[in-house]
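Visitor: I have a model open and would like to go through it piece by piece. Can we start once it is on screen?

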Amino acid sequence: MPRLFASLLLALTPLLASAEEVIRVYNWNDYIAPQVLKDFEAETGIRVEYRTFSTAEELAAALASGEAIDIAVPSHNDLPALIDNGSIQPLDFSLLPNRKHLDKQLLSTLAALDPSNRHAVPYLWGAVGLAINTPQAEAAFGGPLPDSWSLLFDAEQSARLAACGISVLDAPEETLTLLFNYQGRSLARSAPSRIQRSSQVLDGLRPHLRYIDSERYIDDLSQGKLCVAMAWVGDALAAADAGQPVRFLVPDEGSVLFIDNLVIPASAERADLAHRFIDYLMQPEVAALITAETLYPSGNADSRDFLDAALRDQPGLYPDRDTKRRLHALETVSEKHSASVAEVWARFRDGS
Ligand code: SPD
């Protein structure tokens, strides 16, 4: 190699090395098809640094810390605070031609929290319910189970199930909303003193729980090590997919829905690449791959055309009309209530 060319190459090497494009993605655990990340990297040459969290609390802490994150995935109920405190940035729709595939109904629900859908793209959504390993749970319970949140919130019932393993999601707002709903009340319209008093019911449940965790239960359900778990739909369906006799139940009293969204934090270093990533995920074929892997309904309406018929019609994945009537989107907890919710939860989860 001529000497001049060799020394030029040597001088350029650090520049070439630093020219690698990287995007930092922070998502819920078990919430992507790994193949999609590989395909994105192969097609674009952009390397994905991918990390996961399992609670809304972890995501809130990461966003508040200002660490560089290019894509995050908050739930709909957390959007108003993230927009108000400037933690996430407006999207450039001209870089997102695949927005046309998004579910219009989800967009209209989100517009109430994020006017004109400026900051968030619906990614995956679903119901909160109970994952029940029927043979194990009925054996422990001593007969058929009620389709009710009483399995958790009635201490006499949870005591009967304790031996076969009960778990609760580390999700304070969802759990307290469901408890208040079970009691015929509304968390959003209750006084902070009433929220404090909900500790009494949780104290009755605590000794019967194996743990409060939003990640560990996925493997445990799939290995037959839990009989009743408060669950996000896809995590419950994954256990059935793994061959366990687990069904996903939306109890008679009803439940809440979540819509998880792709957003670009204010701390993003590569908002340009973040838009490319979001647009890539919004291709219907790609969104269908993600639903097939995670077993969560997609925010992409056109992705349904790319799902296997068996999956599209899988009971529980997309709620039927009757189940939909019993579901409502989780409400945003006001600042006035959030301190009480956090206190009750710390006592329940950490005993503090
Ligand atoms: N496996 C984790 C799936 C995350 C589901 N979304 C949770 C929303 C919480 N508000």
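Visitor: Is Leu 295 buried or exposed?

Guide: Leu 295 counts as buried, at 3% relative accessibility. Buried means under 20% relative accessible area, exposed over 50%, and partly exposed in between (1.4 Å probe, protein chains only). Accessible areas come from the Shrake-Rupley method with a 1.4 Å probe, and for residues only the protein chains shown count as cover. As for the source, this is a predicted model, where local features need pLDDT of at least 70, side-chain atom pairs count only at pLDDT 80 or more, and totals for chains, interfaces and linings use all residues. Residues are numbered from 1 along each chain as its sequence is written, and side-chain values use heavy atoms, with hydrogens and water left out.

Visitor: Where does Leu 295 sit?

Guide: Leu 295 is in the loop between helix 15 (284–294) and helix 16 (309–312). Helices (H or I, at least four residues) and strands (E, at least two) are DSSP runs, numbered from the N terminus. Leu 295 also has a positive phi of about 65°, although it is not a glycine. Most residues other than glycine have a negative phi.

Visitor: Which residue has a positive phi of about 50°?

Guide: That is Asp 30, again not a glycine. Asp 30 lies in the loop between strand 1 and helix 2. Its relative accessible area is 45%, so Asp 30 is partly exposed.

Visitor: Which residues gather with Asp 30 in the patch of negative charge?

Guide: Glu 58, Glu 215 and Asp 219 join Asp 30 in that surface patch. Asp 219 belongs to helix 12 (residues 216–222). Patches are made of residues with over 30% relative accessible area and no salt bridge; like charges are joined within 9 Å, nonpolar side chains (Val, Leu, Ile, Met, Phe, Trp, Tyr) within 5 Å. Lys and Arg count as positive and Asp and Glu as negative, while His and the chain ends are not counted. The place of a charge is taken as NZ of Lys, CZ of Arg, CG of Asp or CD of Glu.

Visitor: OK, salt bridges. How many are found in the whole structure?

Guide: The search finds 16. A salt bridge here is a side-chain nitrogen of Lys or Arg within 4 Å of a carboxyl oxygen of Asp or Glu.

Visitor: Which residue does Arg 24 meet in a salt bridge?

Guide: Arg 24 meets Glu 49, at 3.3 Å from N to O. The pair links distant parts of the chain, with Arg 24 in strand 1 (residues 21–28) and Glu 49 in strand 2 (residues 46–53), 25 residues apart. Arg 24 is partly exposed at 30% relative accessibility, and Glu 49 is partly exposed at 32%.

Visitor: What about Asp 220, which residue is its partner?

Guide: Asp 220 bridges to Arg 216, with the closest N and O atoms 3.9 Å apart. Both are in helix 12, four residues apart, about one turn of the helix. Asp 220 is buried at 12% relative accessible area, whereas Arg 216 is partly exposed at 47%.

Visitor: And Arg 349?

Guide: Arg 349 pairs with Asp 350, the closest N and O atoms being 2.9 Å apart. Elsewhere, salt bridges that share partners join Glu 20, Arg 24, Arg 47, Glu 49 and Glu 269 into one network.

Visitor: Back to strands. In what order do the three strands of the open sheet run?

Guide: The order is 2-1-3, with parallel pairing. Strand 2 and strand 3 (71–72) are at the edges with a single partner strand each, so one side of each has no neighbour in the sheet. Strands 1 and 2 pair over eight bridges, and Tyr 26 has Arg 51 in strand 2 as its bridge partner. Two strands pair if DSSP finds at least two bridges between them.

Visitor: Why is strand 9 called largely enclosed?

Guide: Eight of the eight residues of strand 9 (residues 255–262) are buried, so the rest of the structure largely encloses it. Strand 9 pairs with strand 4 (residues 121–133) in the antiparallel sense over six bridges, and Leu 124 stands opposite Asp 260 of strand 9.

Visitor: Which strand pairs with strand 9 in the parallel sense?

Guide: Strand 10 (residues 327–329), over three bridges. There, Val 256 stands opposite His 328 in strand 10.
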